[in-house]
Amino acid sequence: MSHALNDSYELYNGVEIPKLGLGVFLMKDEHELIEAVKSAVEFGYRHFDTAKIYGNETYVARGLKESGIPREEIFLTSKVWNYDQGYEETKKAFQESLDKLETDYLDLYLIHWPAEKFVDTWRAMVELYESGKVRSIGVSNFQIHHLEKLKNEGLLQPMINQIETHPEFPQNELHEYMKRNGIIHESWGPLGQGKSDLLDSSTLAKIGQKYFKTPAQVVLRWHLERDEVIIPKSVHRNRIKENSELFDFKLTQEDMHEIALLNTETRYGGNPDDQERLKETSIKPSK
């Protein structure tokens with residue numbers, strides 16, 4: 001295990017967040033997910049990112065329990081889904097996530113998308129934070145205008161914004177805005193979510209050869225050079241290990257410049273300004 005995996009960034013409230021975590025989006029198979037969590041712990045991961053809508057919080061809890069790692073060594077994130085947004089609803093959803101994760105606090109709680117009631121949701125989250133039930137709070141998929149709306153309400157600023165980011169969609173304007181405002185940039189889909197040919201890039205292969213690294217490792221290192229938190233997801237033990245081997249090399253300014261040329265402004269995930277989609281996902285399905 002590499003002690004470098006404990007490398008972290010400091011949020012503006014002083015809480016440390018590990019630079020690398022395991023994302024578990026779309027991981028629905030109980031056995032597969034439990035084994036992935038256990039492998040990640042073995043390879044030095046201490047940061048795990050889930051969400052209520054993923055439907056796998058109980059499996060994450062089981063994987064962590066079976067790994068035997070003490071709770072205080074883990075950085076655990078979950079998120080409130082669109083149909084649970086609103087003041088009272090958020091507090092209820094938070095408690096449900098705590099119960100499923102078998103813990104009495106979270107290290108980070110995020111608003112998953114800027115759905116209609118996100119300001120009321122944020123008020124509830126600030127209260128959860130101030131009461132000590134969560135060590136840090138943030139948002140996910142927020143654009144500059146969403147962050148400005150929270151600012152104009154005079155509310156506590158999010159500590160982190162988790163957004164789709166990869167070399168084909170570096171989110172440079174939002175990245176710079178967050179840097180100026182002291183909001184940590186966390187990347188989801190850091191390798192293009194498997195929807196892209198990014199990892200077949202000859203540029204990445206050429207850079208990787210210099211350091212005996214794979215194109216995926218080069219991309220993940222690119223994120224770290226930009227001071228981003230990354231949560232690559234994988235259920236494959238060898239890939240989980242490979243994704244952790246990022247702390248024994250650095251990219252040069254020339255490497256970073258070459259990777260910048262891969263930007264095509266291609267978003268592979270949902271658009272945070274797609275109001276129709278946000279409305280649809282804010283309706284609770286009937287049981």
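Before you click anything, one yardstick: a residue is called buried under 20% relative accessible area, exposed over 50%, and partly exposed in between. Keep in mind, too, that you're looking at a predicted model.

**Stop one: helix H1**

Select Lys38 and Glu35. Both sit in helix H1, which covers residues 30–42, and they are 3 residues apart, about one turn of the helix. Their side chains meet in a salt bridge, with 3.3 Å from N to O. Now try the yardstick on the pair. Lys38 has 25% relative accessibility, so it counts as partly exposed. Glu35 comes out at 31%, so this residue is partly exposed as well.

**Stop two: helix H5**

Next, go to residues 144–152, which make up helix H5, and pick out Glu148 and Lys151; they are separated by about one helical turn because they lie 3 residues apart. A salt bridge links Glu148 with Lys151, and the closest N and O atoms are 3.2 Å apart. Glu148 is partly exposed at 26% relative accessibility, and Lys151 is partly exposed too, with a relative accessible area of 40%.

**Stop three: another pair, then a network**

Jump to Glu245 and Lys241. Here the side chains form a salt bridge at 2.8 Å, N to O. Glu245 is partly exposed at 29% relative accessibility, while Lys241, also partly exposed, has a relative accessible area of 37%. Now select four residues together: Lys52, Asp84, Lys92 and Glu96 are joined into one network by salt bridges that share partners. In total, the model has 22 salt bridges. If you're wondering about the chemistry, side chains of opposite charge can pair when their charged atoms come close.

**Stop four: the sheet**

Switch to a cartoon view and look for the strands. An open sheet is built from 8 strands, in the order E3-E4-E5-E6-E7-E8-E9-E10, with parallel pairing. Which strands are at the edges? They are E3 (22–23) and E10 (228–230), each of which pairs on one side only.

Start from the E3 edge. Strand E4 takes in residues 47–49 and runs parallel to E3, the two being joined by 2 bridges. To see the match-up, select Leu22 along with its bridge partner in E4, Phe48.

Then move along to E7 and E8, which pair in the parallel sense over 2 bridges. Click on Val139 here, and find its bridge partner in E8, Asn161. Is strand E8 enclosed or open to the outside? Of the 5 residues in E8 (160–164), 5 are buried, so the strand is largely enclosed by the rest of the structure.

**Stop five: a loop residue**

Follow the chain out of strand E7 (137–140). In the loop between E7 and H5 you'll find Phe142. Its relative accessible area is 0%, so Phe142 counts as buried. For a sense of scale, draw a distance from Phe142 to Leu64: the C-alpha atoms are 30 Å apart in space, and the two residues are 78 apart in sequence.

**Last stop: a charged patch**

Finish by switching on the surface and selecting Asp273, Asp274, Glu276 and Glu280, which form a negative surface patch. Zoom in on Glu280, which belongs to helix H11 (residues 275–280). How does Glu280 rate on the opening yardstick, buried or exposed? With a relative accessible area of 56%, Glu280 is exposed.

Terms used
Residues are numbered from 1 along each chain as its sequence is written. This is a predicted model: local features need pLDDT of at least 70, side-chain atom pairs count only at pLDDT 80 or more; totals for chains, interfaces and linings use all residues. Side-chain values use heavy atoms; hydrogens and water are left out. Patches are made of residues with over 30% relative accessible area and no salt bridge: like charges are joined within 9 Å, nonpolar side chains (Val, Leu, Ile, Met, Phe, Trp, Tyr) within 5 Å. Accessible areas come from the Shrake-Rupley method with a 1.4 Å probe; for residues, only the protein chains shown count as cover. Lys and Arg count as positive and Asp and Glu as negative; His and the chain ends are not counted. The place of a charge is taken as NZ of Lys, CZ of Arg, CG of Asp or CD of Glu. Helices (H or I, at least four residues) and strands (E, at least two) are DSSP runs, numbered from the N terminus. Buried means under 20% relative accessible area, exposed over 50%, partly exposed in between (1.4 Å probe, protein chains only). Two strands pair if DSSP finds at least two bridges between them.
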